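The report below goes through a single structure, moving from one residue to the packing of its helices and then to its core. Please look over the sequence and the model before reading on.

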Amino acid sequence: YNPQGNVTVAEVITLAVRLNYSYNGKEAPAVAEGAEWYKNYVNAAVREGIIKNTQFADYNAPALRKEVAQIMNKALPTDYLKAINMFTSIPDVPTKDPAYGAIRKLYNAGILMGMDGAYNFYPNNNVTRAEIAAVVNRMALPANRKRVVTEAELESRRKYYYAEDLE
């Protein structure tokens, strides 16, 4: 299993398609023969709007954490990824980063939590097999998603209670 080993872009796409097809009651594509075993999954991901046709140049490259967020963000419908947290920002991901919206959405859904106590995401690190297993588990089983009370949520509560006191 090699939990600390890297996961390829093709493997992440395959997992995303399998989540999508399972959710939608479809039969997953067959694995293709040969070196491009993943091509049926790539084609399915393009058809389902999970990825764009030319989004990745090398499907055998290790997947970056931000690429995983972008792929997994589109694997399941938005209403299945409801916010349970209130992250208003991600410390090490600029809001202008194309992956920011996907990362923040998955933080708020309790699927991603960052890699340290400050919730840094390390978007350009490779994703490990252990990390993708946790992501898939939380995507598939909402009961396993992580609830965090953020500073933004605490501040929102303080404002609410203060406003109540003024009435």
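Does Asn-108 count as buried or exposed, and at what relative accessibility? In this predicted model, Asn-108 counts as buried, because its relative accessibility is 10% and the cut-off for buried is under 20%. Asn-108 has its place in helix H4, and, when residues up to four places away in sequence are not counted, Asn-108 touches Lys-82, Ala-83, Ile-84, Asn-85, Met-86 and Phe-87.

Ala-118 offers a second case, lying in the loop between H4 and H5. At 45% relative accessibility Ala-118 counts as partly exposed, and its C-alpha is 7.5 Å from that of Pro-91, although the two residues are 27 residues apart in sequence. The two accessibility values are set out here.

| Residue | Relative accessibility | Class |
|---|---|---|
| Asn-108 | 10% | buried |
| Ala-118 | 45% | partly exposed |

The packing of helices can be followed through H1 and H5. The axes of helix H1 (residues 9-23) and helix H5 (residues 129-140) come within 11 Å and cross at roughly 15°, which means that H1 is roughly parallel to H5. The crossing in which H1 passes H5 is right-handed. On the H1 side the contact is made by Glu-11, Val-12, Leu-15 and Leu-19, and on the H5 side by Arg-129, Ile-132, Val-136, Met-139 and Ala-140. By residue class, this contact of H1 with H5 divides into seven nonpolar and two charged residues, with no polar ones.

Met-139 also appears in the account of the largest nonpolar core, which has 45 residues and in which Ile-13, Ile-51, Tyr-59, Met-72 and Met-139 touch the most other members. Two or more residues of this core come from each of H1, helix H2 (39-47), helix H3 (65-73), helix H4 (100-108) and H5, and H1 gives the most, with eight residues. Leaving aside neighbours within four places in sequence, Met-139 is in contact with Leu-19, Met-72, Ala-75, Leu-76, Tyr-80, Leu-81, Leu-106, Ile-111 and Arg-145.

Helix H3 is mostly covered, with seven of its nine residues buried. Those buried residues are Arg-65, Glu-67, Val-68, Ala-69, Ile-71, Met-72 and Asn-73, and what covers them includes H1, H4 and H5.

Definitions and conventions:
Residues numbered from 1 in each chain as written. Predicted model: local features only at pLDDT ≥ 70, side-chain atom pairs only at ≥ 80, totals over all residues. Heavy atoms only, no water. Axes fitted to C-alpha atoms, helices over the stretch in contact; angles between N-to-C directions. Helix = DSSP H or I, 4+ residues; strand = E, 2+ residues; numbered from the N terminus. Parallel < 35°, antiparallel > 145°, perpendicular 65-115°, else oblique. Left-handed = near helix turned anticlockwise from the far one by under 90°. Contact = heavy atoms within 4.5 Å. Nonpolar A, V, L, I, M, F, W, Y, C, P; charged D, E, K, R; others polar. Core = buried A, V, L, I, M, F, W, Y, C linked by side-chain atoms within 4.5 Å. Buried < 20%, exposed > 50% of the residue type's maximum accessible area, 1.4 Å probe, protein only.
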